[in-house]
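Colleague: I'm new to reading models like this one, and I'd love a close look at a single part. Could you walk me through the start of the chain and where it leads?

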Amino acid sequence: MKFPSQPECWGRYPRATHTVRPLAWRTDPLPEINGQTVLPFGLGRSYGDSCLNDGNVLLLTRGLNHVLEFDTQNGLIRCEAGVTLDEVLRLILPQKWFLPITPGTKFVTVGGAIANDVHGKNHHSAGTFGCHVTQFELLRSDGTRLLCSPTGNRDWFAATIGGLGLTGLITWAEFRLRRVDNSMIEMESVKFGNLDEFFEVSAESDRDFEYTVAWLDCTASGDALGRGIFMRGNHAGPEIKTFEPHRPPRVHVPCDLPNFAMNHFTLRTFNALYYARQRKRRVRRLVHYDPFFYPLDAAAEWNRIYGRRGFFQYQFVIPSEGNHHAVRRVLAGIAASGQGSFLGVLKTFGAVKSPGLLSFPQPGVTLALDFPNFGGATFSLLDELDRIVLDAGGRLYPAKDARMSPAAFQSRYPGWPEFARKIDPKFSSSFWRRVTVAN
Ligand SMILES: Cc1cc2nc3c(=O)[nH]c(=O)nc-3n(C[C@H](O)[C@H](O)[C@H](O)COP(=O)(O)OP(=O)(O)OC[C@H]3O[C@@H](n4cnc5c(N)ncnc54)[C@H](O)[C@@H]3O)c2cc1C
């Protein structure tokens, strides 16, 4: 297996320098490190510095890639923490099982999915990844191995799910799967003309569809503010018999695009064309799970289109009460700034409680957007958006963050002092040092 010599986060900002230590076997002790701190690193699909440990050590977990047990009757899988969701899917689908939760890329490790307690398009019905974890082993730097589950070592279970890799190394984990009859999704896309329409379609869809999410044209303004295309779907019924797994990425972005490639014009044109692509208000289709869940996985290393300066992903959740107004203010701010995004994704989170002390989701509406890094102008815009989000009682997602202030983190993650007591003394990250410096 090839390991990166200088791993990066997905947004490629900030840059960091590391000593890397590839891990090979779950029973090995942690490598000896003199005077530096360590952080586990999966596939680096976190956008910002939560997967970085600048000037220190990264433990590369991809070598922990063994599936240990797969109970095909009851849909329970146990694997080492460096196994990817891509690998799990290839194994379980032919046995009529599917992931209980999946983020928008399958190229994440099981350890990474737990450490960020990731969510997917079915949050309203199934909660986060951690809700489906039955047990895992946590290796601490003093050599202790803790078996953690909802009933055993519960405090370590709660601290490690969504625990940003700071409580120790997850060596292996076990989680429940979801039954399916085939590899297809019955999908409907519904065009909506503004934000009020989004909330109507979303409320109606969450009742009847397991998966819901909307793409948003974040360059639209005025009466069209918040327009987009709502995608909803259910696993297809038993009359369809195909179990074809997904294919490798079709294209590969060969080099960094120049920074000027992402500008107001290209972003506006892309958004307008994407919105116009669907003529009818409602379209129904039978689609393979791969383009439905993972449209971005079709192009390997797509993050290079943003050039060497990288980009920010900005994702927040605003609690249910009064969120329409705050989301409208965020969208108006973005449209006015001219710093749009290709990928505005809007979704309502449901009430299923996440098991992690620091898990991000809470009932309300979540919006995720990409911003090319234009330096000061981008930082100012994101600071302005922070103020709107925080005023509305919302918070930002650490897995996507590279710049939130200590106050923004500490005020919105009240469990953090309790969590801090569970951090392994030899573990740290760039994110953690940034958000816990004194205000
Ligand atoms: C295209 C794209 C779409 C995405 N869509 C979503 C989405 O819909 N929902 C969502 O929630 N997230 C989403 N994400 C974010 C991604 O799912 C998370 O950042 C995920 O945690 C990345 O996993 P990774 O294996 O790459 O871990 P890394 O990014 O390498 O690390 C993530 C964290 O996990 C810790 N970690 C990794 N392995 C271990 C281990 N064995 N033990 C302890 N800690 C460990 C690391 O220290 C770090 O804190 C998306 C990312 C991309 C690039």
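Modeller: Let's begin with P7, which sits in the segment before β1 (residues 19–22). Keep in mind as we go that this is a predicted model. Is P7 buried or exposed? Its relative accessibility is 4%, so P7 counts as buried, the cut-off for that word being under 20%. If we set aside residues up to four places away in sequence, P7 touches H18, V20, F41, L52, L58 and L60. For a sense of scale, pick out V327: it is 320 residues from P7 in sequence, and the two C-alpha atoms are 34 Å apart in space.

Stay in the segment before β1 and move along to R12, which belongs there too. R12 is buried, because its relative accessible area is 7%. Its backbone deserves a pause: phi of R12 is near 60°, which is positive even though the residue is not a glycine. Most residues other than glycine have a negative phi, and most peptide bonds are trans. The second half of that rule matters for P14, which is also in the segment before β1. The peptide bond joining Y13 and P14 is cis, with omega at about 0°.

If you would like another positive phi to compare, try K96, where phi is about 65° although K96 is not a glycine. K96 is placed in the loop between α1 (85–92) and β6. With a relative accessibility of 37%, K96 counts as partly exposed.

Now back to the neighbours of P7. One of them, L58, leads us to C51, because L58 is in the contact list of C51 as well; leaving aside neighbours within four places in sequence, C51 is in contact with C9, L39, F41, G44, S46 and L58. C51 lies in the loop between β2 and β3. Its relative accessible area is 7%, so C51 is buried. Along the chain, C51 and G112 are 61 residues apart, yet their C-alpha atoms are separated by 9.1 Å.

From C51 we can step to S46, which lies in the loop between β2 and β3 (57–60). S46 has 11% relative accessibility and therefore counts as buried. Which residues does S46 contact once neighbours within four places in sequence are left aside? They are C9, W10, C51, N116 and A399. With N116 there is also a polar contact, of 3.2 Å, between the two side chains.

S46 brings us to the ligand. There are 35 residues around the ligand, and those that come nearest are P40, G42, S46, T109 and Y397. Sorted by class, this shell holds 19 nonpolar, 14 polar and two charged residues. Some polar atoms reach the ligand at short range. In G44, a backbone N or O atom lies 2.9 Å from a ligand oxygen. In I170, a polar backbone atom is 2.9 Å from a nitrogen atom of the ligand. In Y397, a polar side-chain atom lies 2.7 Å from an oxygen atom of the ligand. How much of the ligand does the protein bury? On its own the ligand exposes 970 Å², and the protein buries 96% of that. Three elements give two or more residues to the shell: β2 (38–41), α2 (110–115) and β9 (169–176).

A last stop is T105, found in the loop between β6 (97–98) and α2. T105 has a relative accessible area of 17%, so it is buried. Its side chain reaches the backbone nitrogen of F107 at 3.1 Å. Beyond residues up to four places away in sequence, T105 touches R45, Y294 and D297.

So, to retrace the path on your screen: start at P7 in the segment before β1, pass the cis bond between Y13 and P14, go on to C51 in the loop between β2 and β3, then cross to its contact S46. S46 is among the residues that come nearest to the ligand.

Methods
Residues are numbered from 1 along each chain as its sequence is written. This is a predicted model: local features need pLDDT of at least 70, side-chain atom pairs count only at pLDDT 80 or more; totals for chains, interfaces and linings use all residues. Side-chain values use heavy atoms; hydrogens and water are left out. A residue is near a molecule or strand if one of its heavy atoms lies within 4 Å of it. A polar contact is a pair of N or O atoms within 3.5 Å; within protein, one must be able to donate a hydrogen and the other to accept it, and residues adjacent in sequence count only if both atoms are side-chain atoms. Accessible areas come from the Shrake-Rupley method with a 1.4 Å probe; for residues, only the protein chains shown count as cover. Helices (H or I, at least four residues) and strands (E, at least two) are DSSP runs, numbered from the N terminus. Ala, Val, Leu, Ile, Met, Phe, Trp, Tyr, Cys and Pro count as nonpolar, Asp, Glu, Lys and Arg as charged, and the others, Gly among them, as polar. Buried means under 20% relative accessible area, exposed over 50%, partly exposed in between (1.4 Å probe, protein chains only). Contact means heavy atoms within 4.5 Å.
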